[in-house]
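User: I would like to learn how to read a structure of this kind, feature by feature. Could you take me through it, giving the general idea before the case at hand?

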Amino acid sequence: MVRRIDVTGAGGVRLAAWEFGDPPKTDTARDHERTPGVLLLHGLMGRASHWVSTARWLSERHRAVALDQRGHGRSEKPSQASFTREAYVDDAEAALEQLGLDPVVLIGHAMGALTAWQLAARRPDLVRAVIICDMRASALGSASQREWADWFRAWPMPFATLADVRKWFGEDDPWVERPNPARGEFYAEVMHECEDGWRPVFDPDQMLRSRETWVFDAHWEELAQVQCPALVVRGLDGELGRAEAQEMVRVLPRGEYAEVAEAGHLVHYDQPEGWRAAIEPFLDAVRSAGDAGRL
């Protein structure tokens, strides 16, 4: 099953949320109330469909919904909309309230992980647990922002075919150290066909505007305010180093750590089985604790 649910974000921006699997079967209203909600938040340039494989196995025991964040996927991309940290967090808060997911487990990748822990810090009443996937808490700085701007300009757009998209992002991109077919597939998923070829569904300028609202700041203080259980996950070849990840776990009041071998930044895309093995025990523990609390 694939089901789209329209929700309204901050400032009236229309957002698309998606269920990619059937919710767990329940026999009674009381059982339905016990079904844990999960909200999946993609990273910068991502989209909800990047979570398909995760959402499908989650749906065996949870109500799992993935959100196209503003400027991404099928959600609105108003040229004059706000792309601040506050706007993204407000959107996630509005979405989980409208979807009836609270108290929710937030699972975020990269920028989506930052949104997740900022929302958990702000609204502890709405969030029962957080999974942070390959997102740094330290400031990245102006050099990083310039590198991203240069990288966007290097894209050979428009791409003639989706095969060209897969090849460039999986092999030819200067940022690729060795061939990575999963990376090629990841970026093919965010392209659409235009009159002159294949282009991203997002506006690169909006992506840079989004990014500049968080790359210059560190986010340790908000991390320390997350009172619920939190799991920090990194790919061994990802952007989040082991030392920083372990410091994040130390700062989190109830932090835990996991890593996925042979995975880069796109952990859930590179190694879906390793990703599941890393997060499923944490989710089971959260669910068990929640069930015990209702007895």
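Analyst: Let us begin with a contact between two helices, keeping in mind that this is a predicted model. In α3, the residues R85, E86, Y88, V89, D90, A92, E93 and L96 meet M111, L114, T115, Q118, L119 and R122 of α4. Sorted by class, this contact of α3 with α4 holds 7 nonpolar, 2 polar and 5 charged residues.

User: At what angle do the axes of α3 and α4 cross, and how is that described?

Analyst: As a general idea, a pair of packed helices is described by the angle between the two axes and by the distance between them. Here the axes of α3 (residues 85–99) and α4 (residues 111–122) come within 9 Å and cross at roughly 70 degrees. Angles of 65 to 115 degrees count as roughly perpendicular, and α3 and α4 are therefore roughly perpendicular to each other.

User: How do α5 and α8 pack, by the same reading?

Analyst: The axes of α5 and α8 (residues 204–211) are 11 Å apart, and the packing angle is about 170 degrees, which makes α5 roughly antiparallel to α8. The contact is built from S144, Q145, W148, A149 and F152 on the side of α5, and from P204, M207, L208 and R211 on the side of α8. By class, those residues of the contact of α5 with α8 divide into 6 nonpolar, 2 polar and 1 charged.

User: Turning to the sheet, in what order do the strands stand, and which of them are at the edges?

Analyst: In a regular strand, side chains alternate between the two faces of the sheet. In this model 8 strands form an open sheet with mixed pairing, in the order β1-β2-β4-β3-β5-β6-β9-β10. The edges are taken by β1 and β10 (255–260), each with a single partner strand, so one side of each is left without a neighbour in the sheet. Neighbouring strands of this sheet are turned against each other by 25 degrees on average, with direction ignored.

User: Which strand pairs show me the antiparallel and the parallel sense?

Analyst: For the antiparallel sense, look at β1 (residues 3–8) and β2 (residues 14–19), which are joined by 6 bridges, with R3 opposite E19 in β2. The hairpin of β1 and β2 has 5 residues between the strands, and there G11 takes a positive phi near 70 degrees. For the parallel sense, look at β5 and β6 (residues 127–133), which pair over 6 bridges, with G108 standing opposite I132 in β6.

User: Where do α3 and α4 lie relative to these strands?

Analyst: Helix α3 packs on the sheet and touches β1, β2, β3, β4 (63–68) and β5, its direction making about 120 degrees with that of β1. Helix α4 lies across β3, β5 and β6, and runs at about 155 degrees to β6.

User: Which peptide bonds are cis, and which residue other than glycine has a positive phi?

Analyst: Most peptide bonds are trans, and most residues other than glycine have a negative phi. Against that background, a cis peptide bond with omega of about -5 degrees joins D102 and P103, and P103 lies in the loop between α3 and β5 (104–109). The bond from M157 to P158 is also cis, with omega near -5 degrees, and P158 is placed in the loop between α5 and α6 (162–172). M45 has a positive phi near 75 degrees, and this residue sits in the loop between β3 (37–41) and α2 (52–58).

User: What lines the largest pocket?

Analyst: The largest pocket, with a volume of about 1000 Å³, is lined by 37 residues, of which R183, D237, E239, G264 and H265 lie nearest its centre. The elements that give two or more residues to this lining are α5 (141–154) and α7 (181–188). By class, the lining has 17 nonpolar, 9 polar and 11 charged residues.

Key:
Residues numbered from 1 in each chain as written. Predicted model: local features only at pLDDT ≥ 70, side-chain atom pairs only at ≥ 80, totals over all residues. Heavy atoms only, no water. Axes fitted to C-alpha atoms, helices over the stretch in contact; angles between N-to-C directions. Helix = DSSP H or I, 4+ residues; strand = E, 2+ residues; numbered from the N terminus. Parallel < 35°, antiparallel > 145°, perpendicular 65-115°, else oblique. Contact = heavy atoms within 4.5 Å. Nonpolar A, V, L, I, M, F, W, Y, C, P; charged D, E, K, R; others polar. 1 Å grid on protein atoms, 1.4 Å probe; cavity = no way out; pocket = protein on both sides within 12 Å on 5 of 7 lines; lining within 4 Å. Points joined across faces, edges and corners; volume = space filled by probe spheres on them. Pairing = 2+ DSSP bridges.
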